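Student: Please take a close look at one part of this model, the surface near the RNA. Then carry on into the ring contacts and the small sheet, and keep it to what the coordinates give.

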Amino acid sequence: MAAAKRYYLTTPIYYVNDAPHIGHAYTSLACDALARFKRLDGFEVKFLTGTDEHGQKVAKAAEAAGVDPQTHTDRVSQHFRDLSPVMNYSNDDFIRTTEPRHARACQELWKRMKANGHIYLGRFAGWYAVRDEAFYDESELVDGKAPTGAEVEWFEEENYFFDLSKWQQPLLDFYEANPRFLAPRTRRNEIVSFVSSGLRDLSISRTSFKWGVPVPDDPKHIMYVWIDALTNYMSAAGFPEESGDYARFWPADLHMVGKDIIRFHTVYWPAFLMAAGLTPPKRVFAHGWWTNEGQKMSKSLNNFITPQDLIGRYGLDPVRYFLLRELPFGQDGNFSHQAMIRRINTDLANDLGNLAQRVLTQINRNCEAKVPQAGALTEADDRLLAAAHGMLARVRAEYDEQQFHRALEAEWEVVGAANRYVDEQAPWALKKTDPARMATALYVLAETIRHLALLAQPVMPQSSARMLDLLAVPEVARSFAALGPSGALKAGTPLPKPEGIFPRHVEDGPAAKAGG
RNA sequence: GGCGGUGUAGCUCAGCGGUAGAGCAGGGGAAUCAUAAUCCCUUGGUCGGCGGUUCAAAUCCGUCCACCGCUACCA
């Protein structure tokens, strides 16, 4: 039996402590583009995002706000759910760790780890700095204070522990056997080095606060953050129900994460799962951070970029394009308005937008506003069509490596080839000398634009749809199954009046007037 | 301190043993279908420094300098 084409991918669950900013939007955007790509490529996709709502910080924030924790998290979680329509995410589910389905999954995972002998009762002790909300090892203290200078106090409580120390070799073997598990490569090296240096057991329960999932058979304990948070990926698949989504989608194909939480996803999580006798996810990709005009985004600088700011200024699809095109996915990079405007005007308006506009306008005027009839194809025609037809294989390979920027780069090579072809063929000149040849050239171009629009859908769903509308491509012919000659435009199909899809960005204000 | 990475044109980066590359920015030209968009040509680098291996080194080795990441229980 052939393996079903299914794909399960997840964003991290976002901690309900701050408002969503561009960092959150970026992670989910990458997942969204990939989810859309896979759907168009014939996969049954499950795309999950959600919020992480437990922990002492949340309980305290609720207390400070004078409401119970659930009311507080309902409120803050909503900000993240609102991000989906704003950014046009196509997530299939939104998990909240305060949901009953999640508690059930966590407790079942715990029970299995415990039944297999990997959880034991012990004592957790350390120097706790209230100000930093962090524990420090004896060796880290400087003059009896935290390295940060904060006062510390001795903290000791009875906790459950996970025997992580026993998983060093199994994890190293796992990485070795699954070279695709962790990307990019530099992160993989870091994690292998970390695990190689030895692992300590992990305390996985707390009794000092209550806002969490109770430990099975010992409810004075609640599960401590990561075992709770990570399990969301399984609870949303219906675990422990063996039928339904769990059977169809686990193990997950991809956990997309920021580089700050890579250890939890690539060390703790596979260890937990193996300890429970379950299969770890297939891949974790850790992406980088954006700086804002050269500066790190931080609370103290109060310079967070919000998705709403950018979209209001530049439009949704250009923002989506910029974020995925501007920097090699996985690396850190800098956001600047100058770079944003350059991408909009160069890649979108001048290259792709103008290509569509110049071709469609000529078809509209010189071909009775219908898909033109192609005659015999020349070598140049074949070359351009071959480039269009060949895009999918290349773009698919890049998506499978989460190299979104390279996928877009490959698409833009065809944009460039098409613009050169327009100049070489000069259909406006053929109009007088050889109208049939003009029609053929414009047909070849329309076909090329159809391919470009189809393949741009994951990144720019709305703009691509408009472009396909201009080519009168029916809804049913917009998956990747329609790529290639079999889905080619039919001569004679009436086309709507062309309109610009990617306008140039012109800065408002007096400064923008210069140079007219 | 330990481990790892990076340093190539003004900017962002590719190349990783065989006569220095791309995109953007800068300069010149062609064309005029198009969102003054497009196309062609072009300026620009002793590939961080020094030393070594080799017929041949951004490309391998050593060393130095600079910057960055990781070095566990805040998500």
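Tutor: A residue counts as near a strand if one of its heavy atoms lies within 4 Å of it. The model is predicted, and what follows is computed from it.

By that criterion 42 residues surround RNA strand B, and Tyr15, Asp52, Glu190, Arg200 and Arg263 come nearest. Within 4 Å of the protein, 73% of the atoms of RNA strand B belong to sugar and phosphate. In composition, the surface near RNA strand B has 17 nonpolar, 11 polar and 14 charged residues.

Three polar contacts give some detail. The side chain of Asp52 places an N or O atom 2.5 Å from a sugar or linking oxygen of RNA strand B. Arg200 contributes through its backbone, where an N or O atom is 2.5 Å from a base nitrogen of RNA strand B. For Ser203 the partner is a base oxygen of RNA strand B, with an N or O atom of the Ser203 side chain at 3.5 Å. The elements that give two or more residues to this surface are strands S5 (134–136) and S8 (202–203), together with helices H7 (185–196), H8 (225–230), H11 (262–275), H14 (337–366) and H16 (404–425). H14 gives the most to the surface near RNA strand B, with 12 residues.

Arg263, one of the residues nearest RNA strand B, also lies over the face of Phe194, 4.5 Å from the ring centre. A second arginine, Arg206, lies over the face of Phe124 at 4.8 Å from the ring centre.

Next come the ring pairs. The whole structure holds 27 aromatic pairs. In one of them, Tyr120 and Phe161 are stacked, because their planes make 15°, under the 30 degree limit, with the ring centres 5.6 Å apart. This pair joins distant parts of the chain: Tyr120 belongs to strand S4 (residues 119–129) and Phe161 to strand S6 (residues 153–162), 41 residues apart. The two residues fall into separate classes of accessibility: Tyr120, at 35% relative accessibility, is partly exposed, whereas Phe161, at 9%, is buried. Tyr399 and Phe404 form an edge-to-face pair, with 5.5 Å between centres and 80° between planes. Both Tyr399 and Phe404 are buried. They also belong to one aromatic cluster, whose other members are Tyr26, Phe37, Phe285, Trp290, Phe322, Phe329, Phe335 and Phe480.

Then the small sheet. It is open, with three strands in the order S14-S13-S15 and mixed pairing. Strand S14 (295–296) and strand S15 (333–335) are the edges; each has a single partner strand, so one side of each lacks a neighbour in the sheet. S14 pairs with strand S13 (residues 290–292) in the antiparallel sense, over two bridges. Within this sheet, Asn292 stands opposite Gln295 in S14.

One further residue is Thr11, which lies in strand S1 (residues 6–15). Its relative accessible area is 1%, under the 20% limit, so Thr11 counts as buried. The C-alpha atom of Thr11 is 20 Å from that of Tyr224, and the two residues are 213 residues apart along the chain.

Technical notes
Residues numbered from 1 in each chain as written. Chains lettered and ligands numbered in written order. Predicted model: local features only at pLDDT ≥ 70, side-chain atom pairs only at ≥ 80, totals over all residues. Heavy atoms only, no water. Polar contact = N/O pair within 3.5 Å; in protein donor to acceptor, adjacent residues only side chain to side chain. Helix = DSSP H or I, 4+ residues; strand = E, 2+ residues; numbered from the N terminus. Nonpolar A, V, L, I, M, F, W, Y, C, P; charged D, E, K, R; others polar. Pairing = 2+ DSSP bridges. Phe/Tyr/Trp six-rings, centres within 6.5 Å; stacked < 30°, edge-to-face > 60°. Buried < 20%, exposed > 50% of the residue type's maximum accessible area, 1.4 Å probe, protein only. Lys NZ or Arg CZ within 6 Å of the ring centre and 35° of its normal.
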